[in-house]
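User: I am new to this structure and would like to understand the terms used to describe it. Please explain how each one is justified.

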Amino acid sequence: MIGNSGLFRRSVFRKHLLLFFATILIPTLLIVTVYWFIASHETKEQITKDSSARLDRIDRNMNMFLDSIDRMALQFSFTPSVSNYLNHSYTMTAFDYYIVKEQMRDWKFSNPLIHSFSMHVFLNDKVLTADEGIYDNEEYFDRAFLNDMREMNIERAASWTGLRTPKDPLMNSESEVVTFVKAIPILQHPPLGLLNIGIDKNRLLDLITPRTDSAGTMELIIDPQNQLLSRAPVQMDYNSLIQNLQSGEQRTHIASLGEERYFVTARKHSGNEWVMLQLTPYQVYSEEMLSTLRTILLVFTVILLLGLAMSYLFASLLYEPWKRLTKRLKDHMIYPPDSAVDDYTIVDSTIGNMISTIRHNEPIVRSTLVRDLLQGQLAGEQEAERRLNELGISFPHPGCLALIIAWEPSKLAAADPQKHSILYLFSLAEDVLDAEFRLIGTVLDRSKIGFILNVEQAERDAALTDKLSECCDRLLSHINGQGLAPLTISAGEVKSLHLIHESCEQAQRTMTYKAFLHHEGVLFPDDTAAPQRFDYPVSYQKLLLNVILTGDRKQAEELMSGLFDRYVFNSRYSESKLQQMITMLMGSIVSSLAQEGYDVGPILGETDFLHFQDSRNSSQLLVDINARIGLIMNHLDSLRQVQPYSSLVSKTIAFMEQNYANNLSIADIAEAMGISNSHLSRVFKSELGKTPLEYLTEYRLEHGKRLLADSTLSLNQISQAIGYNHAHTFIRYFKLYVGMTPGDFRKTQLE
């Protein structure tokens, strides 16, 4: 038996088997459930659609019938004899009455639906019928109905319709008729009389109710007086079915009528008070869903059998690696002799030991969580709160603020490594900030510490700014008192916990502009509106270039001081605009020197204009820029003093460096120098150890390397820029001289 085999006796195998089977079973159940609900909804929608179609036919028939009644009343009131009777009833002769009566009789017998036809004249208060003749109101057999109409408002009586059972004087019996009361003449106000048209109820139902092939479906008609015209199958409270139903509205619901349940679709006729009900037995829905259920059960059974087979296969495949894992774990676990320990217990014990180790390393976990929050690695507010709760951390206020503390590791003193370590600085900052704020923090990297401060305010106001500034000033004072490296502290805006990474990004972005600020305290994001237009100092750029070329250091410092006074110290521009200005200015100076023929390559590293933000403030930035300008002047002085090559070779090198972007040949170079090709090559190689074309190729490739650092330039664009007509020529020479393709070189630079 399979159940007694050793394979099934192993708990791990059973767990794997149940796991895989549940993995297949649960989605299958969900899909089946969703399909069942969809099928149920579609079936109900189809029933409603069919009911609506039947009611549409009844609605059309009802409209045609009501239009015919209106036309009948209109035509009858426009008949000359009827009009004369209504207006001059006291002067009418017996023959005139007879003519009107015969006309009414003709109207009645011309339409088989009409059961009775009478006219009540207000002028003489008499009733003229199609069959019985003329009556005084007090002697009329249906005078109770006329009195009801008289008590009602005339305008309301003009449109009265309802089911009645008046007594037939000829047959001495009562029959159900639908009575339509129309004021005549229709176009006159007030009316002179009322036209009472009695329609046989059964014939009316046969006319407006279509025949249906659906077994058990029924259509019920309710008149404007809420009386049921159709014969109901059971005793039913139809008033509750049409309660609060508005004109033109249709609704469908399930109702129990006696022992049966029906889908009831009710619609109130647009423009009048007629109500139509379509009853569909619930059995129609039940039979359709039973058929769907059989199909679902068949498919579900097949899936379960296949799922069981696949689960058995996967459990068997996974059990062998699990067995090898537990065997290795047993060698490192100690259990009492003869103890029955299964594979699951071994792995569970190992995991328990791992959890214990994790708890011992909870500070590391907390630090990792803070780093994830500051870097936006957690998805959603609930995830962030859940992770904090797991570590027993709670923030009572909804607002959070990121605080970044940075310093230069190279400026840390080496006398006391323990005192000047990152952890020491982190502990010191945490102690100072913890006195004023509820916070958590972490070491972001070798030069930055990050804190998340929980604050009461929903946004940073003056009180929070002052409180944070005072706290950070105490920290800076403490740092300076101990002789530690200078710090830079930057704060972001107040955000919710799951958006704290945005506050961290603001703080770090603000820190990059510290060189353009005038203080060394805590830095806040600049939310002041800067002017849209920025006036670039073109005049300063030209003057500074001329001063550098002339070597006047004092005038260069005066120019930079004037530039800072105008743009930085009394700035109305944002820090980002100022940083762009300084970078563009100094870059343009170096670029202009290169265009003048000076070799600026050796000073590019020493005058790195992209790291001005390392300056602590704007005053320090001015000092650093003046120092870099001094390095440029020193380099130009050294270039003017050194002449390593002959005049011919120097001119040749200058010509090639100025025209390297053109397609030069040795003949072009020799022609420009005014000598032969062979003489130029011999002299050039004797002094430099290489031919002019070799030098030109190396020079082009050096420029190509710098252009490869720009990922927006294609190889074809770079090739054209350094004098090669085709990219494959550039690739061939680059691989020959550098040892790799330009694409591989670009990857190494970007990494």
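User: What makes strands β10 and β11 a pair?

Analyst: Two strands pair if DSSP finds at least two bridges between them. Strand β10 (residues 250-257) and β11 are joined by 8 bridges and run antiparallel, so they satisfy the definition of a pair. Ser256 stands opposite Arg261 in β11. Strands here are DSSP runs (E, at least two residues) and helices likewise (H or I, at least four), numbered from the N terminus. The model is predicted: local features need pLDDT of at least 70, side-chain atom pairs count only at pLDDT 80 or more, and totals for chains, interfaces and linings use all residues. Residues are numbered from 1 along each chain as its sequence is written, and side-chain values use heavy atoms, leaving out hydrogens and water.

User: How do you know that β11 also pairs with strand β12?

Analyst: β11 and β12 (residues 275-281) share 7 bridges in the antiparallel sense, with Arg267 opposite Met276 in β12. Their hairpin has 6 residues between the strands, and Gly271 takes a positive phi near 100° there.

User: Why is Thr43 called buried?

Analyst: Buried means under 20% relative accessible area, exposed over 50%, and partly exposed in between (1.4 Å probe, protein chains only). The relative accessible area of Thr43 is 12%, so Thr43 is buried. Thr43 lies in helix α2 (residues 11-78). Leaving aside neighbours within four places in sequence, Thr43 is in contact (heavy atoms within 4.5 Å) with Tyr285, Glu288 and Met289.

User: Why does Ile303 count as partly exposed?

Analyst: Ile303 has 31% relative accessibility and therefore counts as partly exposed. Ile303 belongs to helix α9 (residues 282-330).
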